[in-house]
Number of protein chains: 2
Amino acid sequence: MKIDPKSPADLSAQIAAAIRDAIVEGRLIVDQRLPSEAELAEQFNVSRPTVREALKRLAAQSLIRTQRGATGGAFVNRLSFPDAYDQQITTSTLLLSMNAVSFETACEARYALERACAPLSAMRRSADHLATMRAEIHRQGQPGLTDEAFCASDVAFHRALVDGAGNPVLSYQLAGAVEAMQPLMNMITFTARDRARIIALHENIANAAEACDGDGVTQGLTALEAETQSLAQAVFKARAAR
Amino acid sequence: MKIDPKSPADLSAQIAAAIRDAIVEGRLIVDQRLPSEAELAEQFNVSRPTVREALKRLAAQSLIRTQRGATGGAFVNRLSFPDAYDQQITTSTLLLSMNAVSFETACEARYALERACAPLSAMRRSADHLATMRAEIHRQGQPGLTDEAFCASDVAFHRALVDGAGNPVLSYQLAGAVEAMQPLMNMITFTARDRARIIALHENIANAAEACDGDGVTQGLTALEAETQSLAQAVFKARAAR
DNA sequence: GCGAATTTAATGTCAGACAATTAAAGTTCT
DNA sequence: AGAACTTTAATTGTCTGACATTAAATTCGC
């Protein structure tokens, strides 16, 4: 692993890139210990703070973990699904909020992705997933629920649907899309009548899932998307007129 | 913004989290300048190297950018789609390689997601997208192409299909799934006959896209998935027997 | 043998310095 | 007055050396 001390880029960025490449290409494997900071500093011909900055960059991406003490050091970290979820959610959330992505675009993407796992979920969902969906529907019907709590329950409902597909890669990809929508969804206020309609659509979806009817779930999602879009349009229109 | 100096977590991690929260919650907005390292050090009551480690963590996630010079400093960075793509691709790639995700699972997820944007792409794809798809199909038919080049062209083909949906959020989500599959795909060797079959399926998809036939694209993708899965199974079986 | 104290090797943090970079202010020449 | 050049100031990038903290390994006492 070599770096170019004359490059305009920061040394710590170069070092981080070099180590990252080694991990991605498999030259450093999971749980393998990296040389100590002092050794790395010598290898790359830089000072220890510079090495440390590089290691912090990698730690921020969950590529390494560090441990103190005699046998401590930096170890290549096994990137877990939960870690990846978290990263994806913050990235997606910021991406949407910083790039003025319209509600329409985000919503379209979210439901398109969700429909992608509808057939699989209808086929494979466990009783547990179904129970979660039913429970969230029930929660959504309770009076006195804040808009935020309603949205959170909505996310949990869809999360159960997605997880029902039994494909962790799908769940991981969808987590970002669904969760990142939440700030946008929270901008909407739901009247009691709005909620009733959404709950009815949720019930259709749960029923289709119970019947292992993939097409039914897909259609239910399409109907829910249409409802959500028109609801959002109405809200934004009213807000613009004010 | 406050941190707890008695917490077991690293100070630099706490500081990074505090600043990250401020960005996510909108208390720091895009292009806003953060206080200088020296000022941050004073605010948080830590030394400058500690602050720097925190800032490097944020820089690694593209949340801030730094500039040297008199009016320099750290600025809240607008997370661009290309930046997000890159992060997603490395994360997805590592996730698959480090968690022993089976080819089958990854492949299923990839095609499910891709089918999600098939109808949209059939409806909206520009002549440009179609031309790219045709060009990649042509490249795939050329003799002497290495397996890696064939796979790269495959990715480009699917990329054009996905981008055809005209939804940047979808493109972003799919980039990870498609690109992360490449290392897995590269494990497969394609005979001339295999390639011919895949090219024929690609042509079906391109034709359906040209005819704005969403169902046709969907079916084409399903057929391609089946072909890919059986091909992979054969390869892995042969390899296991060896 | 076994438990407690010690050693040791690592990361975490600090302080202070200098180098490099860049924009703005100031200065000089025309 | 204005343009080109120089200086200055602010800021990040890097280095050196030190000390604190942690946790495993080792040694010592019994």
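**Two DNA strands against chains A and B**

In this predicted model, a backbone N or O atom of B:A70 lies 3.5 Å from a base nitrogen of DNA strand D. A second approach to a base of this strand comes from chain A, where a polar side-chain atom of A:R68 lies 2.9 Å from a base oxygen of DNA strand D. The backbone of the strand is also contacted, since an N or O atom in the side chain of B:T66 is found 3.2 Å from one of the phosphate oxygens of DNA strand D.

Around DNA strand D there are 25 residues, of which A:L11, A:S47, A:T50, B:R48 and B:R52 come nearest. Of the atoms of DNA strand D that come within 4 Å of the protein, 66% are accounted for by sugar and phosphate. Both chains contribute to this surface, with at least two residues supplied by each of α3 (48–60) of chain A and α3 (48–60), β1 (64–67) and β2 (73–76) of chain B. Sorted by class, the surface near DNA strand D consists of six nonpolar, 10 polar and nine charged residues.

DNA strand C is surrounded by 23 residues, and the closest are A:R48, A:R52, B:L11, B:T50 and B:A70. Sugar or phosphate holds 68% of the atoms of DNA strand C within 4 Å of the protein, while the rest belong to bases. Phosphate oxygens of DNA strand C are approached from both chains: a backbone N or O atom of A:E37 lies 3.1 Å from one, and a polar side-chain atom of B:T50 lies 2.8 Å from one. On the base side, a polar backbone atom of B:G69 is 3.4 Å from a base oxygen of DNA strand C. The elements giving two or more residues to the surface near DNA strand C are α3 and β1 (64–67) of chain A, together with α3 of chain B, and the largest share, three residues, comes from α3(A). By class, this surface has four nonpolar, 10 polar and nine charged residues.

Turning to the wider architecture, chain A is divided into domain 1 (11–76) and domain 2 (81–241), whose centres, taken over C-alpha atoms, are separated by 39 Å.

Why does the structure hold zero disulfides over all chains? For A:C117, the closest cysteine sulfur is that of B:C117, and because 14 Å lies between the two sulfurs, they are too far apart for a bond; A:C117 counts as buried, at 0% relative accessibility. The sulfur of B:C212 is likewise too far for a bond, because its closest cysteine sulfur, in B:C117, is 15 Å away, and B:C212 is partly exposed, with a relative accessible area of 46%.

Definitions and conventions: Residues numbered from 1 in each chain as written. Chains lettered and ligands numbered in written order. Predicted model: local features only at pLDDT ≥ 70, side-chain atom pairs only at ≥ 80, totals over all residues. Heavy atoms only, no water. Near = heavy atom within 4 Å. Polar contact = N/O pair within 3.5 Å; in protein donor to acceptor, adjacent residues only side chain to side chain. Helix = DSSP H or I, 4+ residues; strand = E, 2+ residues; numbered from the N terminus. Nonpolar A, V, L, I, M, F, W, Y, C, P; charged D, E, K, R; others polar. Domains from an automatic or database assignment. Disulfide = S-S within 2.5 Å. Buried < 20%, exposed > 50% of the residue type's maximum accessible area, 1.4 Å probe, protein only.
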